[in-house]
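Fresh page, fresh coffee. Today I want to look up the open space in this model first, and then follow one strand through its surroundings.

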Amino acid sequence: MRILGIEGTAWAASAAVFETDSVAVSNARQNASSDDAFEPDGLPSTSDDHVFIETDAYQPDSGGIHPREAAEHMGEAIPRVVETAIDHARERAGEDGDPPFDAVAFSRGPGLGPCLRIVATAARAVAQRFDVPLVGVNHMVAHLEVGRHRSGFDSPVCLNASGANAHVLGYRNGRYRVLGETMDTGAGNAIDKFTRHIGWQHPGGPKVEQHAREGEYHPLPYVVKGMDFSFSGVMSAAKQAVDDGVPVDDVCRGLEETVFGMLTEVSERALSLTGADELVLGGGVGQNERLQGMLGEMCDQRGASFYAPENRFLRDNAGMIAMLGAKMYAAGDTVAIEASAIDSNFRPDEVPVTWRGPDESVDRRDRGETEVQGAEATVTVEADRVVKARTPRSYRHPALDERLRTERTRQEVRLTSEARKHGVPTPLVLDVDPVEARIVFQRVGEADLRERLNADTVGTVGGHLARIHDAGFVHGDPTTRNVRVAPDDATRNGRAESEATRERSVFLIDFGLGYYTDEPEDHAMDLHVLAQSLAGTADDPGALFEAACGAYRAASGHADAVFDSLADIEGRGRYQ
């Protein structure tokens, strides 16, 4: 199979040829690593695949990417790089190869509309010229799939960190689910905004990486909200620090430690939520050595496997478009010319994953563990108590790590007790050592919520969240892993007693990310986190979340304002 791929979402005018002997490309296992020897065409010598990539990158004279200039560059460069790739495909096909490729794949979105339209027009023209099928590829899913394909991982969690995007994805029931994402700007764009402020030319990431090596850590705001993160406050603080005279090298070091620490923590939260033990990295920001080092250390610490593709597959490139195009073509997932319109806001969770089976879920949870490696702590389960120790995270800067461990331990103890005062079941705190970041809890429940997912249990969680919100604080991370459920055996005296008992048997745990607030948006974020975790762990997340919302409305004194804010949050993701 030979596929021609065309990429052009923003800055990279790129065309590629992907060739494989395996038609069942979804099962092709690659054993390549960054240390493998490379053939002249750039392939690992151990790989049966052949990938040729031709790219002409747009470089602005000053500032960031200018959409009009990027489109002008795309219009000039795409015909040239596509013809180069076609010539290469002809060489590979030989005299008998007519047509020289089986299909044309193109990046359909997300990206800059003018650039995407140029690429789509070129792809349609080439497909008609050679009378071959057309395949429309989601650019962000391609970042994920190139890492999954070349790593040979079964069903990994994927962190995509690029210019306009930052999110964590996991596969479940025929879709890639967004487990967490940025609430404002993409990781690369955030860094570029900082570098433009101090007069550095695009792209800013490599310059920040270079200066950070010479700097001392400067603390900046660290914002993780459940499985989501926000970069706007970090960028504003970094700009202000430079304006206040903090050495640029120190701010760059603080910027890397903070932004990449947030990305790594959320990746670990996704591994913990799903029970997965594989992580792949995608996106141009992923070329940063410090980010790769953090992710590798985190995975080593929790016994997981980590894979980062070589740089040419991390930055925007047509090789990943052709590679995913081959998987889609093998699955019969092509698109008619008249139905091939681009989508500049094409979300990865909108893509029907036709090339994978429904049984390949990222969910790899274990049941009955006596020691659980959570997202930021090791939890030891004993007969009547649970010991939670926030062990140091070696990937984080020591000063940042100590601060987070101490603050979260104190907050967890305070809010766990506060919730109980307002009628929400939580475990008793038996002992606490904030210096060692260690808490001893009463053991509650027999299973996580993810093992007891139904409308009654999830609805009960919605009611619990409404009560703590009305009391003036949030949980901060109400995922299906942070709820414990005990058996409901109250069936003898009618439904009213059963409902009351059920409420007492559903416990909220792990308030480490919680805080005091009366803002409806902060309360809505709790519901948003719950919805995302259901999408990653439940077969019918929509119906379950509706049950939570119904119970929330019934118990809340300000539900309308919260749900208005929730609608705003859900429309704020980078793919809307």
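**Entry 1: the pocket.** I am working with a predicted model. I looked up the largest pocket and found about 1,100 Å³ of space in it. Its lining counts 44 residues, and those nearest the centre are W11, S162, G163, D192 and H202. I then checked which elements give two or more residues to this lining: α3 (139-151), α4 (187-197), α5 (205-212) and α8 (289-302). The most comes from α4, with six residues.

What is the lining made of: how many nonpolar, polar and charged residues? I noted 21 polar, 15 nonpolar and eight charged.

**Entry 2: strand β11.** Next I turned to β11, residues 278-282. Why is this strand largely enclosed by the rest of the structure? Five of its five residues are buried, so the surroundings largely close it in. For my own reference, buried here means under 20% relative accessible area. In a regular strand, side chains alternate between the two faces of the sheet. I therefore sorted β11 by side: E278, V280 and G282 sit on one, L279 and L281 on the other, and all are buried.

**Entry 3: the neighbours.** Which strands pair with β11? Strand β6 (residues 157-161) pairs with β11 in the parallel sense over four bridges, and L159 has L281 as its bridge partner in β11. Strand β12 (residues 305-307) also pairs with β11 in the parallel sense, over three bridges. There, V280 has Y307 of β12 as its bridge partner. Between β11 and β12 the chain passes through α8, and this β-α-β crossover is right-handed. I also noted that α8 is one of the elements giving two or more residues to the pocket lining.

Conventions
Residues are numbered from 1 along each chain as its sequence is written. This is a predicted model: local features need pLDDT of at least 70, side-chain atom pairs count only at pLDDT 80 or more; totals for chains, interfaces and linings use all residues. Side-chain values use heavy atoms; hydrogens and water are left out. On a 1 Å grid over the protein atoms alone, a cavity is a set of points where a 1.4 Å probe fits but cannot get out, and a pocket is an open set with protein on both sides within 12 Å along at least five of seven lines; lining residues have an atom within 4 Å of a point. Grid points are joined across faces, edges and corners, and a volume is the space filled by probe spheres set on the points. Ala, Val, Leu, Ile, Met, Phe, Trp, Tyr, Cys and Pro count as nonpolar, Asp, Glu, Lys and Arg as charged, and the others, Gly among them, as polar. Buried means under 20% relative accessible area, exposed over 50%, partly exposed in between (1.4 Å probe, protein chains only). Two strands pair if DSSP finds at least two bridges between them. A crossover is right-handed if, with the strands pointing away from the viewer, the path from the first strand over the helix to the second runs clockwise.
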